[in-house]
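Me: I have a structure to go through with you. Can we take it piece by piece?
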Amino acid sequence: MKATGIVRRIDDLGRIVIPKEIRRTLRIKESDSMEIFTDGNNNVILKKYSPMGEFIDFAKIYAESLMQVLDNIVVCITDKEQIIAVAGGLKKDLLDKEISHDLEKCINARDKINASESENNENFILIANGETKNLYSYELIVPIISDGEVFGSVVFLSQEKKMGDYENKLINMAAFFLGKQIGQ
């Protein structure tokens, strides 16, 4: 753990305020749910709750399965904070990375993106923070939605293959399926 030097009192209702600087840095918004943990040293640990976190093992297997039917396409599954599963050649570059602000905006806006960097498409975005360009040239992004709430996204990436109807249908089906799994 890293000390911040910030001390807060608990009010009479048992509440404590997380400072604005920390909320901004960790992307904690007003309506976010927090998971509470304790350890053996009387520490209370708050972690931003992600329902997708419960599906990490499933997401990894699902991403691998999708990649098997796609030719030279990397499959990524994200929650609203980070890339939780990657199948394909970019695993070491993308797995567990924080998603970019552009991808976060795309997910929250429920936008579907099919873009190409080589065509100077203004919709083309980098999916991870700190990512360098040229990892991929084509991307297909669809948000995962369950019961009207956005939980993450399914992303297909390719260096050489422009994605068409087949990939569009497959990614939409994958996002729909994952949304149904979260809703159960």
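Me: Is E104 buried or exposed?

Reply: E104 counts as buried, at 12% relative accessibility. Keep in mind that this is a predicted model.

Me: Which side chain does E104 meet in a salt bridge?

Reply: That of K29, with 3.5 Å from N to O. K29 sits in the loop between α1 (20-25) and β1 (34-38), while E104 belongs to helix α4 (residues 101-108), so the salt bridge ties together parts 75 residues apart in sequence. K29 counts as partly exposed, at 39% relative accessibility.

Me: How many salt bridges are there in the whole structure?

Reply: The search finds 5. One of them pairs K91 with E64, whose closest N and O atoms are 3.6 Å apart. K91 is in helix α3 (residues 91-94) and E64 in helix α2, so here the linked parts are 27 residues apart in sequence. K91 is partly exposed at 35% relative accessibility, and E64 is partly exposed at 30%.

Me: What about R15, which residue does it bridge to?

Reply: D11, with the closest N and O atoms 2.8 Å apart. D11 is partly exposed, with a relative accessible area of 30%.

Me: Switching to cysteines. How many disulfides?

Reply: The count is 0.

Me: Why is C76 not bonded to C106?

Reply: Because their sulfurs are 13 Å apart, too far for a bond, and C106 holds the closest cysteine sulfur to that of C76. Both residues are buried: C76 has 0% relative accessibility and C106 has 4%.

Me: Now the nonpolar core. Which residues touch the most other members of the largest one?

Reply: L66, V75, I77, I144, V154 and F156, out of 27 residues in that core. At least two residues each come from α2 (56-69), β3, β4 (83-87), β6 (138-146), β7 (149-158) and α5 (165-183). The most come from α5, which gives 6 residues.

Me: What does L66 contact, leaving aside neighbours within four places in sequence?

Reply: V75, F156, L170 and A174. Besides the largest core there is a second, separate one of 21 residues, including I83, L90, L103 and I107.

Me: Last one, T78. Where does it lie, and which side chain does it have a polar contact with?

Reply: T78 lies in strand β3 (residues 74-78). Its side chain makes a polar contact of 2.7 Å with the side chain of S153. T78 is buried, with a relative accessible area of 0%.

Conventions. Residues are numbered from 1 along each chain as its sequence is written. This is a predicted model: local features need pLDDT of at least 70, side-chain atom pairs count only at pLDDT 80 or more; totals for chains, interfaces and linings use all residues. Side-chain values use heavy atoms; hydrogens and water are left out. Helices (H or I, at least four residues) and strands (E, at least two) are DSSP runs, numbered from the N terminus. Buried means under 20% relative accessible area, exposed over 50%, partly exposed in between (1.4 Å probe, protein chains only). A polar contact is a pair of N or O atoms within 3.5 Å; within protein, one must be able to donate a hydrogen and the other to accept it, and residues adjacent in sequence count only if both atoms are side-chain atoms. A disulfide is a pair of cysteine sulfur atoms within 2.5 Å. A nonpolar core is a set of buried Ala, Val, Leu, Ile, Met, Phe, Trp, Tyr and Cys residues joined through side-chain atoms within 4.5 Å. Contact means heavy atoms within 4.5 Å. A salt bridge is a side-chain nitrogen of Lys or Arg within 4 Å of a carboxyl oxygen of Asp or Glu.
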